[in-house]
Amino acid sequence: MLRLTIDNQSVEVPPGSTILDAARKLGIDIPALCFRDGCEPSTSCLVCVVRINNQERLVPSCATVAEDGMQIQSETEDIHHARRTALELLLSDHLGDCLGPCQSICPAGMNIPLMIRQIVNGNFRDAIITVKRDIALPAVLGRICSAPCEKGCRRKEYDDAVAICLLKRYVADVDLARNEPYLPELKEETGKKTAIVGAGPAGLTAAYYLRQEGIACTIFDDHEKPGGMLRYAVPEEKLPHTVLAKEIALIEKLGVRFKLSTKIGRDIEWSDIRNEFDVVLIATGEIKSDKADILQLETDKNGLKVDKKNNQTSLPNVFAAGNVVHPGKMAVRTVAAGKTAAVSITQYLSGRTVADTNRLFNVHIGHLHENEINKFMVGVSTDKRTGLQNNCPEGMTDDQAKSEARRCLHCDCRKYDTCKLRIYAEKYQARPNRYKQTRPIFEQNIQHPEIIFEPGKCINCGLCVQIATAAGEKPGLTFVGRGFDVRVRVPFNDSLKEALTQTAAQCAAACPTGALSLKNECEK
């Protein structure tokens, strides 16, 4: 056995092991994109570099054989810088959206493409779960949302945006019509208690997500019924009170308590609320300065003054969200603020640093070239957008919903959660646009029955080439071109279906990015 040290940790490995093998034995996460067990290292990505025996030159850990007595560093700032640079160079050549444009522009960050795929496949239960991960009141928003997501929909480049808001409403209405509508699982009770002042969209949303974390919630409101502006400011013909009541009832079923017709300073003292509860969330809607004075909270030109990253006010255990912070915001932004506050409060009550968790790493294709939209339209329905409006009384039928869902271009990355390039780019804070260059035209190959190939996301690691070759695939895959123009292609211009008859799924699983993905992976 060989003994070496990595980051001051000693480890023994058998002869022939690499530094990467030794690091993994210690549980040290050295990033590796182009390496896979059972394949020859290509050292093409260079994100696995480390330093040996304080030498100036860095070496790829995936291909460097371990030697007895080696002293290895893997986590210094200059090593991180080298990895970041390698990732940024890979990203400079990366063509694709991590998040669909619709999701990236949605204030709530809802995974719209996934919901749409689930609708197409008739998986309505999964679809409502997807929706409610980010939106607690989808039947409500499906009727009144101004649909900023549709402004970002790439389908507009061809004809009209997908009717995302109506599809969200459809999923929610189908669920509400069930005998047992979806209720999320709740974690074990933490013993912590949160008071929420205001039973409007921000307060209701915060309670929905806090209860899932095992945090007790009591909502105080000075009106007779919950709903806030949704009940008292939106015309009932636009948002029926029956729909609002059903969604609030589901939140109440999670164990949320309501104390209605209760006004702070009249029916209950502010000091009593702060003493009784571990955290207080102010979600009252627009607030006047005299009311803020009663709550001992600072204001700015808009409303209550909060830390924009985590919704904390000047009082340590008091948070604020929604129109009380930014008056006049659209309902979906208010709902998004309620969820953000719930995340921050959960962090605070668990003793963790209250950090900004809103921003997801994302790479954008950006503006399309002339006629490039036709590349996205491959295999997509050319049907026109439904003529139904969000607040129409009848809503969509099953067939209308599926027909509309088939219009989606599925611009998002099918492997967002598992793409190693994204995961490590986020970890090392790589900047996608540091090394700008003229991007190629978008391509996608959907002809294979099992997989989708997007050449623009390929980092030329060659894992798929090795796998296909080892399995004796004819013609398999190969590298074509020279220098910076090298690309993975099917030789002799054969089809991908002919190239990978046995190993398509294996190649997709090995691919470190979303260049190769399973078609059924799109539904997850």
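These exercises work through the sheet, the cores, the salt bridges and one loop residue of a predicted model.

Residues are numbered from 1 along each chain as its sequence is written, and side-chain values use heavy atoms, with hydrogens and water left out. Because the model is predicted, local features need pLDDT of at least 70 and side-chain atom pairs count only at pLDDT 80 or more, while totals for chains, interfaces and linings use all residues.

**Exercise 1. The sheet**

Task: find the strand order of the five-strand open sheet and name the strands at its edges.

Solution.

Step 1. Fix the terms. Strands (E, at least two residues) and helices (H or I, at least four) are DSSP runs, numbered from the N terminus. Two strands pair if DSSP finds at least two bridges between them.

Step 2. Start with β1, residues 2-6. Its antiparallel partner is β2 (residues 9-13), with five bridges. Leu-4 has Val-11 in β2 as its bridge partner. The two strands make a hairpin with two residues between them. In that turn, Asp-7 has a positive phi of about 50°.

Step 3. Take the parallel partner of β1. Two bridges join β1 to β5 (residues 71-73). Ile-6 stands opposite Ile-72 in β5.

Step 4. Add β3 (residues 49-52), which pairs with β4 in the antiparallel sense over three bridges. Here Arg-51 is matched with Leu-58 in β4.

Step 5. Read off the order: β2-β1-β5-β3-β4, with mixed pairing. β2 and β4 (58-60) each have a single partner strand, so they stand at the edges, and one side of each is left without a neighbour in the sheet. The twist averages 40° from one strand to the next. This angle is taken between N-to-C directions, from 0 to 180 degrees, with axes as lines fitted to C-alpha atoms, for helices over the stretch in contact.

**Exercise 2. Cover on the sheet**

Task: state which helices lie across β3 and how β1 is covered.

Solution.

Step 1. Helix α1 (residues 19-26) lies across β1, β2, β3 and β5. α1 runs at about 120° to β2.

Step 2. Helix α2 (residues 77-92) lies across β3, β4 and β5. α2 runs at about 150° to β3.

Step 3. Check burial. Buried means under 20% relative accessible area, exposed over 50%, partly exposed in between (1.4 Å probe, protein chains only). Four of the five residues of β1 are buried.

**Exercise 3. The cores**

Task: locate the largest nonpolar core and the helix that gives the most to it.

Solution.

Step 1. A nonpolar core is a set of buried Ala, Val, Leu, Ile, Met, Phe, Trp, Tyr and Cys residues joined through side-chain atoms within 4.5 Å.

Step 2. The largest core has 79 residues. Those with the most contacts inside it are Met-115, Ile-119, Leu-167 and Leu-281. Helix α14 (residues 331-349) gives the most, nine residues.

Step 3. Another core lies apart from it, with 43 residues. Val-47, Ile-467, Val-490 and Cys-511 are among them.

Step 4. Look around Met-115. Contact means heavy atoms within 4.5 Å. Beyond four places in sequence, Met-115 touches residues including Ala-127, Ile-164, Leu-167 and Val-171.

**Exercise 4. Salt bridges**

Task: compare the burial of the partners in three of the 29 salt bridges.

Solution.

Step 1. A salt bridge is a side-chain nitrogen of Lys or Arg within 4 Å of a carboxyl oxygen of Asp or Glu.

Step 2. Asp-175 and Arg-178 meet at 3.7 Å, N to O. Asp-175 is buried at 2%, whereas Arg-178 is partly exposed at 33%.

Step 3. Glu-454 pairs with Arg-414 at 3.6 Å. The two sit in separate loops, 40 residues apart. Both are buried.

Step 4. Arg-422 and Glu-426 come to 2.9 Å. They are four residues apart in α17, so about one helical turn separates them. Arg-422 is buried at 9%; Glu-426 is partly exposed at 35%.

Step 5. Add the network. Shared partners join Arg-155, Asp-159, Glu-404 and Arg-407.

**Exercise 5. A loop residue**

Task: place Ala-471 and list its contacts beyond four places in sequence.

Solution.

Step 1. Ala-471 is in the loop between α18 and β12 (478-480). Its relative accessible area is 32%, so Ala-471 counts as partly exposed.

Step 2. Its contacts are Gln-502 and Thr-503. Ala-471 and Thr-503 are 32 residues apart in sequence, yet 7.4 Å apart in space, C-alpha to C-alpha.
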